[in-house]
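Visitor: Could you take me closely through one part of this model, and then show me how other places in it compare as subjects for the same kind of reading? I would like a connected account.

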Amino acid sequence: MANKLNIVEAVNQALMNEMEKDETIVVYGEDVGVEGGVFRATVNLQKKFGKDRVFDTPLAESAIVGTAVGMAINGLKPVVELQFMGFSYPAFNQIISHVARMRNRSRGRYTLPMVIRAPYGGGIRALEHHSESTEALYAHIPGLKVVIPSTPYDTKGLLIAAIRDPDPVIFLEPKRIYRAFRQEIPEETYELPIGKAKVVEEGEDITVITWGAMVRDVQKASEMVKEKGIYPEIIDLRTISPMDRETFIESVKKTGRAVIVHEAPKTLGVGAEIVAIINEKAFLYLEAPPTRVTGFDTTFPLPRGEKHYIPSPERIAKTIEDVVKF
Amino acid sequence: MRFEDCNPIGDKHYRILDFEGNVIREEDIPSFSDEELLYLYWTMLFSRTIDEKNISYQRQGRMLTYAPNIGQEATQVGSAYAMEKNDWLVPSYRELGAWLIKGVPLKNIFLYWYGNEWGSHMPEGVRVLPISVPIASQLQHATGIGMANNIKGEKNVVVTYVGDGGTSQGDFHEALNFAAVFKAPVVFIIQNNQYAISLPRKVQTASETLAQKAIAYGMPGILVDGNDIFAMYSATKEAIERAREGGGPTLIEAYTYRLGAHTTSDDPTKYREDEEVEKWKEKDPILRFKKYLKNKGILTEEWEENTKKELEKEVTSTFEEIENKSDTLIEDIFKYHYETMPPHLEEQLEDYKSFLEGGR
Ligand SMILES: Cc1ncc(C[n+]2csc(CCOP(=O)(O)OP(=O)(O)O)c2C)c(N)n1
């Protein structure tokens, strides 16, 4: 049977599949039960699995994450939703002080198989705080895994892997492309490895490293530069932490050039780390300085300005050309 | 009846023993055997001995910063003794008496305060979470454990502790609110020791009592004389039983006093008068319980002297056992962040090891 899903539907199907197989999984957060989530990612879950396993909570992110810590210690696998990444900060203390540390603090006595899901990123003409990409904040913290899918197929496989992972995973969903396209994906459950990047397009001239909603913009930029005879190799990082360094290092060794594209601000963003790794591991192969195309070091603008903030395919294409011509 | 009698608004403390160790609520006296009574007293002495030894080790430069519990033994020992083996203890950092009752080995306690994570590796079957330093954050974990019990249909109860200062944190509010909404089987115990480092209780909140906060969350609350071990036991026992039967959470304010410093790095003379401390020394929970036990003819001076000597010996030998053998293994620093060590951590570990070996 055809199973053509978009990204939100892939989230939903991953949860359906896994909850059926594993009774210890519980799903909760703000408006996730009766309503099925503001983006409908958890729709029908409560109907299917009951109010014990899928429920609405009072409006408090620190408690959503903090109680998940207790649940995970007590034998459940909580998959909690934070309504928007911009509202994950009330839970910051719980995430950094406890979610990330419990295994190490107790020398493995207490572990936290749990997932924190949150839609992230801009481009949906939303109110303030609904557009940010602060994955670097979480990727900086030892003990967390940070995963960002970019396709329905990857979303399902990676979310299932995140749920099965013995360690806590921050699972960030690119809401700009939640419904952008559908993909034929297996109906049954399958897993994609966390910590593995994917070569989206092979090429010889330059390596472009990106993730989340930006993958599609990079693909558009790639079409533009191909017309000028430049063939980029596009790498979708998929896991921000722990990062698959090998895949992009090998690629940069082949192409000698690298561009990193992300929506988040430039300074101390994930791109900065990638540049540092390239310098440490592939310096002698470089033909040009590794270069970043990113959001600005400004607050994410309200909708009237957001088209300037998110790197456009044109901006990305221009940088690719500049780095190739360097 | 305890809870009905002691409306949390107002300063009426739930109390079974008066300051002289006389029984003032005969009907509420727990039915302990003599052995149990002595075991409780023994645990209070054990706790006091560990505190005193740690303070002296710290002064000798043999122990790191330490947070003593002196004056709060009845609060901790009394409440924890109401727990069953399978009940969970979710502590902050000042619950030594409760840890001892729950079976945390002394070695773990020393290792923790001496700066080694293995101290927080509780033995199998000891349902105690590690010390939680960010104030009040642990309450959320307690609520989560309780919610999980409800989901799994298990009858375990969670007992968790927080200081008077901790009641000002957002996590205090969120944890109590969630616990009440989801009827989580959690007993929240505020150790109101009158100070949060230097800040007196009166400046922490404009509420008349801390126990009255229970009303806003829709759960029972009670203000208990925290230096009365029987009152602490009985109130906690009732709360635990209610929780076990599906009645949801309870808030207990244990009214007590920190006789010592906040930690060994703190100088309490900067913020409180000696007179006040002296007045509270007369209300020392160990003294009160001792008077009761002596009146009953259960405790002899000889037993007490021998016990103190034995405890001192045990504490000294356990500390000496770990003192020179507690350095952290380099591998351990890296090994416990994920179930499988990711390549970048492996690389950092290997680099550091080869640096130490003079490799580069
Ligand atoms: C979130 C947070 N802020 C500040 C501190 C530093 N600090 C440690 S103990 C303490 C006072 C706590 O007082 P209280 O809750 O009354 O507990 P007590 O120490 O008296 O047992 C403070 C401010 C901390 N550990 N966590």
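Guide: A:Arg107 is a good place to start, and it sits in the loop between helix 5 (102-105) and strand 5 (115-120) of chain A. Please keep in mind throughout that this is a predicted model. The phi of A:Arg107 is near 50 degrees, which is a positive value in a residue other than glycine. Most residues other than glycine have a negative phi. With a relative accessible area of 2%, A:Arg107 is buried, because buried means under 20%.

A positive phi in a residue other than glycine is also found at A:Asn44, where the value is near 70 degrees, and A:Asn44 belongs to the loop between strand 2 and helix 2 (45-49) of chain A. Its relative accessibility is 40%, so A:Asn44 counts as partly exposed. Another loop of chain A, the one between strand 12 (239-241) and helix 9 (245-255), holds A:Pro242, and the peptide bond that leads from A:Ser241 to A:Pro242 is cis, with omega near -5 degrees. Most peptide bonds are trans.

From the loops we can turn to the strands of chain A, where A:Tyr28 and A:Phe55 form a stacked aromatic pair, with 4.8 Å from centre to centre and 5 degrees between the planes. Because A:Tyr28 lies in strand 2 (residues 25-29) and A:Phe55 in strand 3 (residues 54-56), the pair ties together parts of chain A that are 27 residues apart in sequence. A:Tyr28 is buried, at a relative accessible area of 0%, and A:Phe55 is buried as well, at 7%.

In the helices of chain A, A:Thr155 is part of helix 7 (residues 152-164), and its relative accessibility of 0% makes it count as buried. Leaving aside residues up to four places away in sequence, A:Thr155 touches A:Ile7, A:Ala10, A:Val11, A:Pro149 and A:Phe171.

Chain B offers a helix contact to set beside this: helix 3 (residues 73-80) and helix 10 (residues 229-244) of chain B pack at an angle of about 40 degrees, with their axes 7 Å apart, and their crossing is right-handed. Helix 3 of chain B contributes B:Ala74, B:Thr75, B:Val77, B:Gly78 and B:Ser79 to the contact, while helix 10 of chain B contributes B:Ile229, B:Met232, B:Tyr233 and B:Thr236. Of the residues in this contact, 5 are nonpolar, 4 are polar and none is charged. B:Tyr233 also belongs to an aromatic cluster whose members include B:Phe230, B:Tyr81 and B:Trp303.

Technical notes:
Residues numbered from 1 in each chain as written. Chains lettered and ligands numbered in written order. Predicted model: local features only at pLDDT ≥ 70, side-chain atom pairs only at ≥ 80, totals over all residues. Heavy atoms only, no water. Axes fitted to C-alpha atoms, helices over the stretch in contact; angles between N-to-C directions. Helix = DSSP H or I, 4+ residues; strand = E, 2+ residues; numbered from the N terminus. Left-handed = near helix turned anticlockwise from the far one by under 90°. Contact = heavy atoms within 4.5 Å. Nonpolar A, V, L, I, M, F, W, Y, C, P; charged D, E, K, R; others polar. Buried < 20%, exposed > 50% of the residue type's maximum accessible area, 1.4 Å probe, protein only. Phe/Tyr/Trp six-rings, centres within 6.5 Å; stacked < 30°, edge-to-face > 60°.
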